[in-house]
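Q: I should like to learn how to read strand pairing, overall fold and chain contact in a structure. Please take the features in turn.

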Amino acid sequence: MATQLRPFTRVLNAEDMNAGLTATDVEVPTGKYTKVAYYQIPAQQQIALGAGEIANGVDSREYVQVRFDSSSGQIAGKVRVGYTNANETNIQIVKEERTDNIGTASTVKLAEVKGLRAGEDSYLVVYLNPDSSTTIDYSDADNKLLLPVTVYQ
Amino acid sequence: MNKKQTWGNSHSNGFKTDYRRNYQASPFFEFSSPVIGASNSWLIDIGEDKPEAKKHLPLSNVRIVNNSSENITFFPNQRAEGMNIPSGTIISFDRISIQGLQSMKFANLGASSITAGQVKITSWREGVEIDGAFERMHKAFYEKFLFPSRNDNLV
C-alpha cells in the first residue's frame, strides 16, 4: 500500500449510499441478507470501514447507526457491513450487529478496520436480515444511516 | 502419537477432505421459486437458505430455468445491474461470467405473478480443471512477482 496516502475520516449517510429518500423501495425477506445500501469508491481513493481507534487512552472511534423503516415503523433485525469488489463477486463482511443496538440511538462504535480497504470502483455495502419479512420504505424520514469510514487519498 | 500413528496417516483424511473441497465440484444446490408477484422479487441467500452450501461458497455456476410466462431479471449477488432471462428459456452462467456467487435476486418483470415452482435454479461450484489450476497459479505469480505492490489488503 502506497505510503503517501493520507487518511481522513468521513461519515457516509443514506444519500451517499444510494439509500436516500428517493431510492426505490426494496423487499427484505426474513432469514436472508438483502443489500440495502452501497457506496462505490471514487477514483484515486481507498476506503476502510470505521473510523478512529483506542490509543493512548483516547477513544476516537465513531458511532455507526443504521435504521430503516417499513410502513409500520422501525425494522428489527441484523445488519451486516462489509466490502465487495467492483464486480461484486468477493464479499468480505466485517461487522454484524442488531438494530436494537445501532437503530434509533446507537451504542456501537466502529473502529477503523485495519488491513482491509476497498479500492477504486469497489463497494462498501450494508445488508439487512429482518426478523420478519417486510419492505423498506426509503422515503420514510425516520431512516438513518451513518457509517464512519476512513478515506485514504 | 504412537508408533503406528504416523503424522501422515493421522492427517491424510484431512488432506483428502481439503483437496476434494478445494478441487472437486460441489454438490448441486437446487432452489424452487415461491410465488413472485408482479414487479416483486425473489431473493436467494445461498448460505442462509442452505447451510450445507456454506462451506462451498462462493459458488461459480448457475442454471436458471424460467418455465413461467413472465420475463425475469437475474441480479447475481444483488448487483445493481441484472441480466434478463426471457420467459420459457434455460440460461446458464459459468465461472467465467460470474466467478463468485453468494446470493441471487430475481425480479419479475411481468404484469402478473409467477406461480410457485415455475422458476428453478441449480447452482454449484465447479471443480478445478487445467485452466482453473492455471488461473490459480497465475494469480499467485501475479501477486507475488509481477505486482507485489498490489499484494495488499484491498478488496
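Q: Which residue stands opposite Val62(B) in S6(B)?
A: Two strands pair if DSSP finds at least two bridges between them, and strands are DSSP runs (E, at least two residues), numbered from the N terminus, whereas helices are runs of H or I of at least four residues. Here Val62(B) faces Phe93(B) in S6(B). Strand S3 (residues 61-66) of chain B and strand S6 (residues 89-93) of chain B pair in the antiparallel sense over five bridges. This is a predicted model, in which local features need pLDDT of at least 70, side-chain atom pairs count only at pLDDT 80 or more, and totals for chains, interfaces and linings use all residues. Residues are numbered from 1 along each chain as its sequence is written, while chains are lettered from A and ligands numbered from 1 in the order in which they are written.

Q: With which strand does S3(B) pair over six bridges?
A: The partner is strand S8 (residues 119-124) of chain B, again in the antiparallel sense. Within S8(B), Lys120(B) is the bridge partner of Val65(B).

Q: How many helices and strands are there in chain A?
A: Chain A has one helix and 16 strands.

Q: How many residues does each chain give to the contact?
A: Residues are in contact if their C-beta atoms, placed from the backbone, lie within 7 Å. Chain A gives 23 residues and chain B gives 18 residues. On the side of chain A that touches chain B, the elements giving two or more residues are strands S3 (34-40), S11 (77-84) and S12 (91-98) of chain A.

Conventions. Two residues are in contact if their C-beta atoms, placed from the backbone, lie within 7 Å.
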